[in-house]
Amino acid sequence: QVQLVESGGGLVQAGGSLRLSCAASGSIFSTNAMSWYRQAPGKQRELVAAITSGGSTNYADSVKGRFTISRANAKNSVNLQMNSLKPEDTAVYYCAANVRTASYKRPSDYWGQGTQVTVSS
């Protein structure tokens, strides 16, 4: 079993910054891509940023230039630095990881419980 635990959410004023962290633990053989998603009230969950094990990154257009995703492979952790926050960034942010639990098993996606980010205007 694999667990993902997020931290770092909270309330911030527009223009401010927050840093989200996520650590994966449990029966981990290897971790492939790690990602951050978000879901605002009444909206579908959307990809915010993703990073491969090799360090390649991908961002939603709405956060390019403001958010930075990074990871520490040895720690199976991923961070999301969020700068110049806007009220429309308000959402529950979820960490996701594609994890192989054994060399002979296919990788599966695992999710964290989510952390609330609220940006006030």
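A residue is taken as buried when its relative accessible area is under 20%. In the predicted model analysed here, arginine 38 has a relative accessibility of 6% and therefore counts as buried. Buried residues account for 40% of the 121 residues in the protein chain.

The protein chain contains 11 strands and 0 helices. Its order along the sequence is accordingly written β-β-β-β-β-β-β-β-β-β-β. The radius of gyration is 14 Å, in agreement with the value near 14 Å that a compact globule of 121 residues would have. The C-alpha trace extends over about 50 × 25 × 20 Å along its principal axes. Of the contacts between residues at least 6 apart in sequence, 56% link residues at least 24 apart. The accessible surface of the protein chain amounts to about 6400 Å², and carbon and sulfur atoms contribute 46% of this surface.

Charged side chains were then examined. The protein chain carries 12 positive and 6 negative side chains, with 8 Å between the centres of the two sets. Side chains of opposite charge can pair when their charged atoms come close. A search of the whole structure returned 4 salt bridges.

One of the salt bridges found joins the buried arginine 38 to glutamate 46, with an N to O distance of 2.7 Å. Glutamate 46 has a relative accessible area of 33% and is partly exposed. This value falls between the limits of under 20% for buried and over 50% for exposed, so the residue belongs to neither of those classes.

A further salt bridge is formed by the side chains of arginine 66 and aspartate 89, at 2.8 Å from N to O. Arginine 66 is located in the loop between strand 6 (57-59) and strand 7 (67-72), whereas aspartate 89 is located in the loop between strand 8 (77-82) and strand 9 (91-100); the pair therefore ties together parts that are 23 residues apart in sequence. Both arginine 66 and aspartate 89 are buried. Through salt bridges that share partners, Arg38, Glu46, Arg66 and Asp89 are joined into one network.

Lysine 64 and aspartate 61 also meet in a salt bridge through their side chains, with 3.1 Å from N to O. Aspartate 61 has a relative accessibility of 64%, and it counts as exposed because this value is over 50%.

Methods. Residues numbered from 1 in each chain as written. Predicted model: local features only at pLDDT ≥ 70, side-chain atom pairs only at ≥ 80, totals over all residues. Heavy atoms only, no water. Buried < 20%, exposed > 50% of the residue type's maximum accessible area, 1.4 Å probe, protein only. Helix = DSSP H or I, 4+ residues; strand = E, 2+ residues; numbered from the N terminus. Rg over C-alpha atoms; globule rule 2.2 N^0.38 Å. Contact = heavy atoms within 4.5 Å. Areas by Shrake-Rupley, 256 points an atom, 1.4 Å probe, with all protein chains shown as cover. Lys, Arg positive; Asp, Glu negative; His and termini not counted. Charge placed at Lys NZ, Arg CZ, Asp CG, Glu CD.
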